[in-house]
Amino acid sequence: MHLSTHNWMRAEPLETTLKRIKKFGYESIEISGEPAQYKINETRALLKEHGIRCWGAVTLMLGERNLAARDQGQRERSVQYVKDVLTMVSELDGEIITLVPATVGKVVPDGTEEEEWNWVVDATRECFTHAKKVGVKIAVEPLNRFETYLFNRGAQALALADAVSPECGVCLDAYHLHMEEFNVYDAIRQVGNRLFDFHVADNNRFAAGLGQIDWPKIVGTLKEVGYDGALTNEFVAPVDRTPAAPYPDMVERNPVDISPEQLKFIQDHGSSVLTEKFYTDQMRITAETLLPLIK
């Protein structure tokens, strides 16, 4: 196992992110799933310069992106978006994308269970065909019920992966696991060797080590099933707007270089644009919590 991180949680130059994570012992990055933001040659050069490899990317299912949409045109555009992310990861020598099939924040279905299952299976199969072509793996990621109604548990993600191909896998996230699973450790064991990626944030979605999750037991269970991929940092720290706030200076008051769509995505997760100091501390705390367990 090795330590990785997402970068969608804070809008900043990629070089800034890479310098920070290298200092704390991160080995790779899951790049934000927005291919238009990255020029491949420049990004490859930055990764090489800082000694950080691309592990993969996560699909950011914003707006109309939805593989389970009733509208066929919407599904087709969503498939094309996923294909674009897969191509970007391939061109950056990455290994994987974590696929969130439905729009994040959408909690009302578009059709019956049977209709939506057929739509999402067909769309994911088309994405998987492209993934095979470009040499990148797909891992289906379940989210908690407040972010999507469609896939909330590992067993559900595994069912979609099974319907697509034995070579399609699953990504689990410690934060979502602790909200939705009957038994967190059994959920990891059930996915077993189909576990292709693992995201980390504590039960309060702060950095690993700032909540109640038993990280030694989590990492031990991952080792038990033979998982040897990334532990990918994905904290989305909730903003406290009351006098009880433990981190009164966590919000960046004059954010720059962030699109309205990305800002909305972060705010919809209960967070905001974080100051560089607070964000850096969260990166450091995750590393200090997890690196001793995986080395």
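Here is a short set of questions and answers about a predicted model, covering a helix, a nearby loop residue and two helix pairs.

User: How many residues does helix α3 have, and what distance does α3 reach from its first C-alpha to its last?
Analyst: Happy to start there! Helix α3 runs over residues 72–91. At 1.5 Å a residue, a span of 28 Å is expected, and the helix comes close to that. The values for α3 are 20 residues and 29 Å.

User: At the start of α3, which residue has its backbone nitrogen reached by a side-chain oxygen of aspartate 71?
Analyst: Look at the start of the helix, where aspartate 71 offers a side-chain oxygen. That oxygen comes to within 3.1 Å of a backbone nitrogen. The nitrogen belongs to glycine 73.

User: And just after α3, what phi does aspartate 93 take?
Analyst: Now move to the other side of the helix. Aspartate 93 follows just after α3, and its phi is positive. The value is about 65°.

User: What covers the buried residues of α3?
Analyst: The buried residues of α3 include Tyr81, Val85 and Met88. Their cover includes two helices, α2 (40–50) and α4 (113–134). Strands also take part, among them β2 (28–33), β3 (53–59), β4 (96–99) and β5 (137–140).

User: Is proline 35 buried, partly exposed or exposed?
Analyst: Proline 35 sits in the loop between β2 and α2. Its relative accessibility is 22%, and buried would require under 20%. Proline 35 therefore counts as partly exposed.

User: Leaving aside neighbours within four places in sequence, which residues is proline 35 in contact with?
Analyst: A useful hint is that proline 35 and threonine 87 are 52 residues apart in sequence, yet 8.7 Å apart in space, C-alpha to C-alpha. With sequence neighbours within four places set aside, the contacts of proline 35 are Tyr81, Asp84, Val85 and Met88.

User: Are α7 and α8 roughly parallel or roughly antiparallel to each other?
Analyst: The axes of α7 (residues 184–191) and α8 (residues 215–224) come within 9 Å and cross at roughly 20°. From α7, Val184, Tyr185, Ile188 and Arg189 make the contact, while α8 brings Lys217, Ile218, Thr221, Leu222 and Glu224. The crossing is right-handed. Given that angle, the two helices are therefore roughly parallel.

User: Which residues make the contact between α8 and α10?
Analyst: Here the axes come within 10 Å and cross at roughly 40°, which makes α8 oblique to α10. This crossing is right-handed. The contact residues are Trp215, Pro216, Val219 and Lys223 of α8 and Thr289, Leu290, Leu293 and Ile294 of α10.

Note on methods. Residues numbered from 1 in each chain as written. Predicted model: local features only at pLDDT ≥ 70, side-chain atom pairs only at ≥ 80, totals over all residues. Heavy atoms only, no water. Helix = DSSP H or I, 4+ residues; strand = E, 2+ residues; numbered from the N terminus. Expected span 1.5 Å × (residues − 1). Buried < 20%, exposed > 50% of the residue type's maximum accessible area, 1.4 Å probe, protein only. Contact = heavy atoms within 4.5 Å. Polar contact = N/O pair within 3.5 Å; in protein donor to acceptor, adjacent residues only side chain to side chain. Axes fitted to C-alpha atoms, helices over the stretch in contact; angles between N-to-C directions. Parallel < 35°, antiparallel > 145°, perpendicular 65-115°, else oblique. Left-handed = near helix turned anticlockwise from the far one by under 90°.
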